[in-house]
Each structure stands twice: as C-alpha cells, then as structure tokens.
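Grab a pencil and work through these exercises with the structure open beside you. Try each task before you read its solution.

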Number of protein chains: 4
Amino acid sequence: MLDDDAERVRDLAHLGHVSLLTPDLDQTRHYFVGLLGMDVVEESGDSLYLRAYGDYERWSLKLTRSQHAGAEYVSWRAVSPRALRRRVAWLEDNGHAGRWVPAELGKGRAYEFEDPDGHTFRLYYETERYAAPDGKRAVIPVNVQAYAGRGANVHRLDHINLLAQDVRGCREFWEAGFGLRTYEIIQDSTGQSEVGAWMSSSIQGHELIYTQEKTTGSGRLHHLAYAVDTREEVLRAADIMADAGIYIEAGPSRHTAIQGFYLYTREPGGNRIEVANGGYLVFAPDAQPYVWTAAEWAAKPGWGAVIPPEFHIYGTPVAEVAHV
Amino acid sequence: MLDDDAERVRDLAHLGHVSLLTPDLDQTRHYFVGLLGMDVVEESGDSLYLRAYGDYERWSLKLTRSQHAGAEYVSWRAVSPRALRRRVAWLEDNGHAGRWVPAELGKGRAYEFEDPDGHTFRLYYETERYAAPDGKRAVIPVNVQAYAGRGANVHRLDHINLLAQDVRGCREFWEAGFGLRTYEIIQDSTGQSEVGAWMSSSIQGHELIYTQEKTTGSGRLHHLAYAVDTREEVLRAADIMADAGIYIEAGPSRHTAIQGFYLYTREPGGNRIEVANGGYLVFAPDAQPYVWTAAEWAAKPGWGAVIPPEFHIYGTPVAEVAHV
Amino acid sequence: MLDDDAERVRDLAHLGHVSLLTPDLDQTRHYFVGLLGMDVVEESGDSLYLRAYGDYERWSLKLTRSQHAGAEYVSWRAVSPRALRRRVAWLEDNGHAGRWVPAELGKGRAYEFEDPDGHTFRLYYETERYAAPDGKRAVIPVNVQAYAGRGANVHRLDHINLLAQDVRGCREFWEAGFGLRTYEIIQDSTGQSEVGAWMSSSIQGHELIYTQEKTTGSGRLHHLAYAVDTREEVLRAADIMADAGIYIEAGPSRHTAIQGFYLYTREPGGNRIEVANGGYLVFAPDAQPYVWTAAEWAAKPGWGAVIPPEFHIYGTPVAEVAHV
Amino acid sequence: MLDDDAERVRDLAHLGHVSLLTPDLDQTRHYFVGLLGMDVVEESGDSLYLRAYGDYERWSLKLTRSQHAGAEYVSWRAVSPRALRRRVAWLEDNGHAGRWVPAELGKGRAYEFEDPDGHTFRLYYETERYAAPDGKRAVIPVNVQAYAGRGANVHRLDHINLLAQDVRGCREFWEAGFGLRTYEIIQDSTGQSEVGAWMSSSIQGHELIYTQEKTTGSGRLHHLAYAVDTREEVLRAADIMADAGIYIEAGPSRHTAIQGFYLYTREPGGNRIEVANGGYLVFAPDAQPYVWTAAEWAAKPGWGAVIPPEFHIYGTPVAEVAHV
C-alpha cells in the first residue's frame, strides 16, 4: 500500500495543460494573445497551442474551434513515471478506468479518465520544456522566456474551477485517489452537502476548485485562471479588458475563499477566464480544510465586492438553468 | 479687476483643515490614530487636533465631541493675504457676507461663511508649519514628519464630499467666486439639474465634491478623504479596517468619476471616511468639465464595484429620507 | 503690472512637447513604440510625432533623424493667449528676445528662445486636443485614449532634466521670468554655486530640472521622463527593458530629491530616458525651496540605490569631459 | 528503502522556528515588534518568543540575550512523526548523530544536530497552532490572526541564509539526507567549488541558502528573512526603517538568484534581517538547479542594485576576515 504510514499520496506535481473549445477561434485567439499576452507556439488545423511566458512546459493551453465553448480536457502532471503508473493503477482498481491517449505536441502519452461529474482529465509525466528561440530569450537564464509586457502579460497557468452536481463526491474522488489537499469547503444550508471545495497538490492554495452546478448540465467549466504576480497587474488587466470591450463579469476584488485577487472576464468564445493573483500558501503538513457553514459563508466576513448572481450559474458549455 | 483678461481667479491654494463632530470621541480617536495612523497634536477640552504625517500644516483635522456626527466647518487656504482679502470682498459684494473668526491653534484668523446649501466654510491664509519634535523627524529633511507605518498610515488630507439640495447652485458659487475648476458633472435624467460635481483649485482631480442630497437635510457631509500613495495601501487599509471590526461600506474599487481608488468606512462616530488614492491630474489650462448625461452615467462604463444604495443616502448628521 | 501684489507669475500651464534628435530613428522608434508603449500619430520626412495614451494634446514627443542625439527644443504651454504674450514681452524686455516659429502639427505658432545655457525653448498656447479614432477610444469618455497595455505603457510626459554650466543662472531665469517654483536646490561644496535645481509650474514636484554640466558642452540633455502611475509599473518596465536588451543605467530605485521612483535607460539613439513615478506634490503656496548643502547631500539620507558616476557626466549630444 | 523508486525524500514540510541571539534584547525587541510588526507571545527569563501574524505555529522566532549576535539554532518541521523518525535514522546512520532536546513552548521534542559547517539544526513534528485571543482574531476565520498593520507588518517567516566554508558540502548534506531541492548554484571561478546554493523543501524558491564564508568563522548567520506579500510593502518597509534610524545595508531591489525583492537591515543586536517578497515558485517536479559559472554571475544579467562588499563578508557572530 502506497500510503502505509498514513502520509498522503503525493504523486501529482501540478495542474497541467488545459484544452478549451471555442466557437470563435479568431476572437478567442486575439483575447489570449493580444490581451492576456500569451504566445502561440503551434497551429494545427483548427487548434492552437499557447503558453504564458512563465510556463516551463512548451504549452499550457490548447484552443480548438468547436460548436460550443467549454473545456475539452484538463490535465495533471505526475511527479515521476512511477507515480503516473500508480495513479493509473488506482483508477483501474477503483472503477475509474480510462484509456491511454497518444502524445500531443511535446506532452507524452496520457491516461484519460473522467471525474465523477464527467469532466475529462488526463495524467501525464513526459513533457517538453520550452526552449525560447532567439528574440524570446530572457536575460536571466533561469527564466524560460523574456518578459514581453504585452497586455495583461499573464505569468503562468494557475488554477481551474469546474462545476459539479456533487461537489463532495468530486472532492472525495481526488482526495482518495490522488492525495489532493482540500483547503476550504463550503457547506449548503442543510450541512449535508457541499457547494464548494478548493483543492491543491501543493502548498499553493488552489489548483482545482469544484463549485455547485445549478443547471442540468454536467462536465462544465466555471473558469480557467492565469496568474499575474501582483494585485496591481490585476488592476491593470481590468483597464486593458475594459478598453478592449471585453465583458468584465466581476472584480477586480478579493475572494473570501483562498483570498486571491481576481478579475473575471469572458473571452469572446464564451469561456470565463480569470486573471488571478495570490491566494495563500499552506505550509502546515497537517492543515485541515476550513469548513464554512452556509450561514457563516453568507455573512461574507472581510471585504470584497458583491459577486453578481450569474457568476454562480453561467458556465461553458451553456446549459439550461435547473428548476429551483 | 483681477481677472480682466478672462483668466480664472486663482486665489485658493488648497483645501484646508476640516472640523468633524462625533458622538463618540474616544472611539473616533482610536479610528483616526490607531487605524488611519494619524497623530494627535493637541487636546483642548472636548476637542482633538490631528495631522497626517504628510500634512505640511500643523493639523488638518479637528474632532469635537458632539451630540451628532457631521462637519462643523471646512476650510480653504488662500494663496496670499491679498488673495484672502479679495475673496472676502467678493463674498461681501455678492450677498454671502460672513464674519471673521479668531485664530485657532496655529491657523490665523479666518473668514467664515456658508455655501448655498448651508455648509460652513472658512478662508484663512496664516498657518503654522509643522515642526516635528525629536523622535518624529524624517531622515530626509524635506519631509515634514517621519513615516511611522501605523495602520493605514494616511499621507495627507485629500478631499471632501458634501451633499447639496442644489448641486448646480453650489458648483456655480465656487466657480464664480473662487475660480474652482470643475472636472466632471453628472446631470439628472431631465438634463436640467445636476446630481454631482467634482471641483478643484489645482491640477488635482478633486478637492471639493457635491452630490445630491436625497433627504430633507442640508449642510450635511457625505465623506472626508485622506490620501495614501498607492492602490496597494488602499487594499491594506481594507485588511486593517475589516480585522478591526470597522464597517466597510464600499470598496476597495475604483470610481468612474476622477478615477480614484477608494475604500469607504464609517468611523465609530458615524462620519463616512474614505481612504483614497489617485484620481487623475488635469494639466490642460483650458480643460472643460466632462458632463455625464444620466443615461451615460447609469451605463457605468469601465470597471468598478457596484456601490450600495445607502452610499447615495447616508450622510452626517443623519437625516430623514425625503419622500420619493 | 501683472504681479503687482507680489504673487508669483502663473502664466505657464505645464511642460509641453519635446523634440529629440536621434542617429538611429528606426531603433529609437522601436524603443518608444514597442517598449514604452507610445503611438506614432504622424510621420513626416525624417520626423515622427508620438504620444502617450494619457497626453491630452495630440503629441508630446517629436523624433527626428540627426547625426547626433540630443534635444532640439523643449516647450511650455501658456495658460492663455494673453499669458503667452506677457511672457514674450518679458523675454524681449529682458534681453532674451527670440523669434516666432510657425505652427507645427496641431500646435499653434510658438515663440522660440534660449535659456542661459543655450537650450532652445518654445512657448505656445494653441494646441489640438487628441481625438481618438475608432479602436483607440477609451470606454470612460473622460480618458483621451484607450489603455493598450503595450510594454511599459507610459501615461504622459512628465519632466525634463537639462545640464547647465550655471545651474543658478538658469534657475533664476525661470523664476524671474516665468514664475516657476523651485522645490529643491543642491549647493556645491563652496556654498556659492548650485549643482541642481528642481522646478515646476504647478504643485507637481518637478517639470524642469537643471543639474551641473561637467563637460565643456552646453545646451545638453540629461534625460526626458515619461510617467507611469505606480512604482510597480516602474519595476515592470525594468523587466521589459532588461529582456529587450536595453541598457539600464540606474534603478529601479527612489530619488532623494523630489522622491520619485525611477528607471533610467538609454534609448538606442543615445538619449537617456526615464520611466518615472511619483515625486511629491507641493500644496503650500508659500513653500520655500529646500536647499541642500553639499555635505548634507553627500550623506544621502534615506534609502535609494547608489547612482553610477556616468549618470553625472553623460548627456546628449555626447561631449568631452572637462579637465578636473 | 524510502526512496526505492528514485523519487526524492519529502519528509520536511517547511523551515521552522529560528532562535537568534542578541547583545541588546530591548532594542532588538523594539525592532521586531515596533518596526517589523511582530507580536511577543511569551517571555521567559532572557528570552522572548515572537510570531508574525501569518505564522500558523504559535511562534517562529526566539530572541535571547547573549554576549554575541548570531543564530542559536534553526529548525525544520517534518511532515509526520514517521518522517521525523526516518530523518533521525538517516542522521544516525550517516555519522551525523545528535540528541533529542525537550519540548519548548508548544513545539514538541526535537532532534538537534549540526550541518557540516557547524550550524545547529532541530527537527520536530509536534507543534501548537496559534489560537488568537480576543482582540487578535481575524474576521476571516481561515486567517490565524488579525492584520494589525503595525510597521512593516511581516506576514511569515520566509527563509534563512547561512554562511559556510564548504557550500557544496552543506548542499549535498541536505540533498542526500533530506531531499531538499536546489534551485540555483553559483560556482567559483575554478568551477570546482560553489559559493552559493538556494534550497527548498517545497515549490517555494528558497528556504535555506548557503553562501561562502569569507572569514575564519563557522556556524555563522548571513541573514534571516520574513516575508511580506508585495513589493510595495518592501518599499514601505524601507521608509519605516530609514525614518526609524535603522541601518539599511542593501535594497530595496531585486535579487538575481530566485528573483525575490529585498530590503536588508541590521537589527540593533547586529543580525542581518531581510524583509522579502516573492521569488519564483518551481512547479516542475524534475527541475534541475541552474548552475551559474562565476563569469556568468559576475556579468549580473537583468536589473538590480549593486550589492555593497560588506554584504558578502558580514555575518553574526562577527568574525575576523580571512587572509585573502
């Protein structure tokens, strides 16, 4: 048994690349390249592969033309080949068998499977490190790429928020199978269900978030976040987005959970994208998740802007709101 | 005649000290000293005199125990003794005669009068520059006082916002009599009245603001603002205020008018106090005010949090809301 | 007489456009457009006209191909046509007669003259306000142009520093003739001469600086500064410049005089350009300049990086260092 | 065997509390409490125990009156009791046996041993989480303590830098025995020795740094760093320290290694203390240390202030400079 000494599994290194779908690839490209400041590293048919200047892997985002917006898949990088095999064994031993998918543009073969809500995930280990060409090399050789200062100039992929009919089920899936740590949980008013869970494979406050699906849909994306280094850059991003005519749904302000500073926009294809900074680090190896009761959460302690109602309903692909 | 060549009067140097009333002097003192980081320079009976570390005058705020909160008076410093006499002459020649009041703790005698809404103002020229005692001297001798870093550590008095039944009347009073420049105006839905006006004696975007009084009151204070040097300090102030149990009414966020970054709190005595950063400077000598139609303003272009309804009604002293 | 009541002349509104010369117009253009984030509004022969997104005038910088780097001329905008005529009268009455030069791309005719060190200046009043075309309009109509977020994305022209054989002579010229206020002065070790003077037409801490010329040259430029809104943006600019291979001569750090946060680079044509933030505002109408003795200045109170020796010698056009 | 699958040991959770010695306990206390904004949680004889508001453990710093400044011991928290036993076993099996020391103010018993340079370290697992008393509770219950905003208001213990005669030996000790990851190494000019190594137990760029000892001393402290959340707070800290008369040795500026933003001061007892922000996170599980050649390092790519020579020699306790 892997965790024979009651220490948690630590086979995942970090959230990996994400594949998004968009009905308007040209405008979506402009958003990510011209406004977020990412680079296209490869184009192939109806797909683009992009990176932020600080992503150490060759790419962190795939965009594909599609009828609907949404996330095609989300991935995790394992800490070693052996860790990858261990996680696949767990999936297959626990009724979550998936399939191996071939390598894709510098990312090695991956094991594809679904979480309890039907979101597609991939696990991989092998990856190509980005090697900056002439003209994109940073002056400090430790940095993978020069800082171009284009638009919001996001630093790296940060976290993803998925919607789920059963937040608790999803949370327990990742805890049991992958050793993700949960840092905060919100209960519903009955105290029996959960409506939010913030999880991470590291000391970083959030890599994977589940929040309550309020439509009949499943496998939907709430938002994908790229990180900037300062709150000032989130504020700048708001100026850039507002003047570029991009819809700003919420922020800039600070979240109560994890306490990151946020700006939520919709990229022209419809996916909700966050420019994010911060959120706390959790150093305690024995930290327990903070569990908010519904009442405590509703009291909204601290400061932070009021979130509009649509923030809790809208996701991609767009789905019908469930009867309440 | 002074302005014989159609150049505007420039007899006012800057907004001067403000006198606030509070029903809870002890808690109000704690707010300004412990949380905003100001210093008490003198105590006298039921009054305290305070300064921010960057105020060049000895004090910028007087606090007096009273039954109700509110502003006792607001002042302007004139650019010269002659300028002071000229403005008094204008007041007396134009039906706004007031009276001279004696010197007060380092501020020379002042001419006291009322604006059209009944707010009390004072004009003065003579003032005592602050001389920091041992232990409070800044290492750079240009700075009037050491930077202590206590609480929000506000830098200097910034601006004041008064409520008025007749915003346009107040605006025209200051333009005609004192040469204040108006940088932004908001019209009501008829286009006949004004519900907001931002005015200044200098290139700074706002020193004196009038917004619509929505109660039967008059002479009321909307808020008094102290400035910090960065938006980061406004965000820090929110942490300080929230953890100290101070009511945060709005922000941190950015205003559409003048575009300053704000945090609105209520000091324990009930007066609304802003921690403010920025707002644009107006360099053009021939800048015209930007006039917002009600519809244009309601559309709320750009970003910035939703302001709660109470922000447009609450003021001090508290007054009955007018029938709508 | 205008200033019959001993109040200072206030006929200048602000530092106006500057014309720089460069031996490498293509690379200089790339620096100002791609790295500083300015826009070219017009090209004409060997000249380009540029603006920062926050300049209210159509342009603030002219770049002209030339054999040597340097400043062709510096300008001031007067507060009114009458103010312009008054200043011309003063120049002609006091032995500084110059000549009228024709309008140039939206700037009205100007009076050209020299300061005591031989720098060319122009005074003008008429100017064309920038009208943003489709695609460059800001969402808040008060803002003259959309915030593009390209490179350092400088906000507006801020100040200029000229070298002078006789700093005191230059300072007294502007005080006597134009009412500029001097906020700080550095004396030499004899106390008889001055080696630095920071002057302004407004409450802004510095628009025109003179520092000691240490070569046999005259009429030379020390640096031209564009402003950004935060210190964070100065730090970002350093990342952008370093990774773009631009020579960083000093900073990011804070100056002792005026206390602005700075980054000094050399644009590829050789002119020293500063990305600047802040510096204090001076509200007191009767503020006296702070006079640093050489010893006090040498003690370097406060914090701030050590400035390299070349900073005190290099200027454009390049000149021979005087025998010491 | 623990690491039978070639994955690294991950038994350390984070750098733990540090015990500093000071010849001037009163002034040192004022520095940490009044200027850095830490709280004293306990006093005992000639010792004080302090915490930053974000430390989840009860305390992170012990100060003890002593004849000389320096670090009495440095500690690491293990991820579990079993991890603690495993590391002790490794020490005893590899010739580094130490001894168990009793529990100390909420920290469980610890195993004390020395690194190859003679610095004393402790390993522990058990620890008391801080429980804020009334008046110090944060409004968001996830936060361990209210944000007081006193002085630099440091957030948490960040990293420590020790001097070592044999940097490589120390680095290899921690890699072999504890699985620390090394993110950057500087070689000397021969390429045979190392003069700097930056190590961490997590994705955080640096927890333990070794740099070259240039005196005959051993077991000396270079500096201890507390973290703030923004570069702006480092800049504020410089204002606070300068006006309080504290010696600022270097910064604010940015380091080339790990790229954190720094301010170095000497607390009144003589220990060098850093107020630090940032430094990169390392997400790649297979990241290799970047090895700087002496020449490459000397070229100082990127930006950042010149470090004064004393920075490379001074440490505590003070020692004689070795003959060169």
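A residue is called buried if 20 or more other C-beta atoms lie within 10 Å of its own, exposed if 12 or fewer do, and partly exposed in between. Keep that in mind, and remember too that this is a predicted model.

**Exercise 1. Chain A as a whole**

Work out whether chain A is as compact as a globular protein of its length, starting from its helices and strands.

*Solution.*
- Step 1: begin with the parts list, which for chain A is five helices and 17 strands.
- Step 2: compare two radii. The globule rule gives 20 Å for 324 residues, and the radius of gyration of chain A is 19 Å, close to that value, so chain A is as compact as a globular protein of that length.
- Step 3: look at the outline. The C-alpha trace of chain A spans about 55 × 45 × 40 Å along its principal axes.
- Step 4: check the inside. In chain A, 55% of the 324 residues count as buried.
- Step 5: turn to the contacts with a separation of 6 or more in chain A, where residues 24 or more positions apart account for 67%.

**Exercise 2. One helix, one face**

Find out which residues of α3(D) are buried, and say how they are arranged around the helix axis.

*Solution.*
- Step 1: check the length of the helix. Helix α3 of chain D runs over residues 167-178, and its 12 residues should span 16 Å at 1.5 Å a residue; the end C-alpha atoms are 16 Å apart, which agrees.
- Step 2: pick out the buried residues of α3(D), namely Val167(D), Cys170(D), Arg171(D), Phe173(D), Trp174(D) and Phe178(D).
- Step 3: look down the axis. The buried residues of α3(D) fall within an arc of 155°, so they line one face of the helix.
- Step 4: see what that face meets. In chain D, the buried residues of α3(D) pack against β1 (12-22), α2 (81-93), β9 (156-164), β10 (181-187), β11 (194-200) and β12 (208-212).
- Step 5: step just past the end of α3(D), where you meet Gly179(D) with a positive phi of about 70°.

**Exercise 3. Buried, exposed or in between?**

Sort Ser75(D) and Tyr290(C) by their C-beta neighbours, then list what each one touches.

*Solution.*
- Step 1: locate Ser75(D), which sits in strand β5 (residues 70-78) of chain D.
- Step 2: use the count. Ser75(D) has 23 other C-beta atoms within 10 Å, so this residue is buried.
- Step 3: leave out residues up to four places away in sequence, and Ser75(D) touches Gly16(D), His17(D), Ala110(D), Phe121(D), Arg122(D) and Tyr124(D).
- Step 4: try a distance. Ser75(D) and Ser19(D) are 56 residues apart along the chain, and their C-alpha atoms are separated by 8.7 Å.
- Step 5: now go to Tyr290(C), in strand β17 (residues 290-292) of chain C. Tyr290(C) has 17 C-beta neighbours inside 10 Å, so it counts as partly exposed.
- Step 6: apply that sequence filter again, and Tyr290(C) touches Glu184(C) as well as Pro141(B) and Val142(B).
- Step 7: finish with a second distance. Tyr290(C) and Asp158(C) are 132 residues apart in sequence, with 21 Å between their C-alpha atoms.

**Exercise 4. How chain D meets chain B**

What relation takes chain D onto chain B, and how many residues of each are in contact?

*Solution.*
- Step 1: lay chain D on chain B. A turn of 180° and a shift of 0.0 Å along the axis do the job, with an RMSD of 0.0 Å.
- Step 2: name the relation, which is that of a two-fold axis.
- Step 3: compare the surfaces. Both copies use the same one, since 100% of the contact residues of chain D recur in chain B.
- Step 4: find the residue of chain D that comes closest to the rotation axis: Arg150(D), with its C-alpha at 2.5 Å.
- Step 5: count the contact, in which 15 residues of chain D meet 15 residues of chain B. The side of chain D that touches chain B has seven nonpolar, three polar and five charged residues.

**Exercise 5. How chain A meets chain D**

Describe the side of chain A that touches chain D by its residue classes.

*Solution.*
- Step 1: count the residues, 26 from chain A and 26 from chain D.
- Step 2: find where they come from. In chain A, β1 (12-22) and α2 (81-93) each supply at least two residues of the side that touches chain D.
- Step 3: sort that side by class, which gives 14 nonpolar, seven polar and five charged residues.

Note on methods:
Residues numbered from 1 in each chain as written. Chains lettered and ligands numbered in written order. Predicted model: local features only at pLDDT ≥ 70, side-chain atom pairs only at ≥ 80, totals over all residues. Helix = DSSP H or I, 4+ residues; strand = E, 2+ residues; numbered from the N terminus. Rg over C-alpha atoms; globule rule 2.2 N^0.38 Å. Contact = placed C-beta atoms within 7 Å. Least-squares fit on C-alpha atoms with pLDDT ≥ 70 in both. Nonpolar A, V, L, I, M, F, W, Y, C, P; charged D, E, K, R; others polar. Expected span 1.5 Å × (residues − 1). Arc of directions from axis to C-beta.
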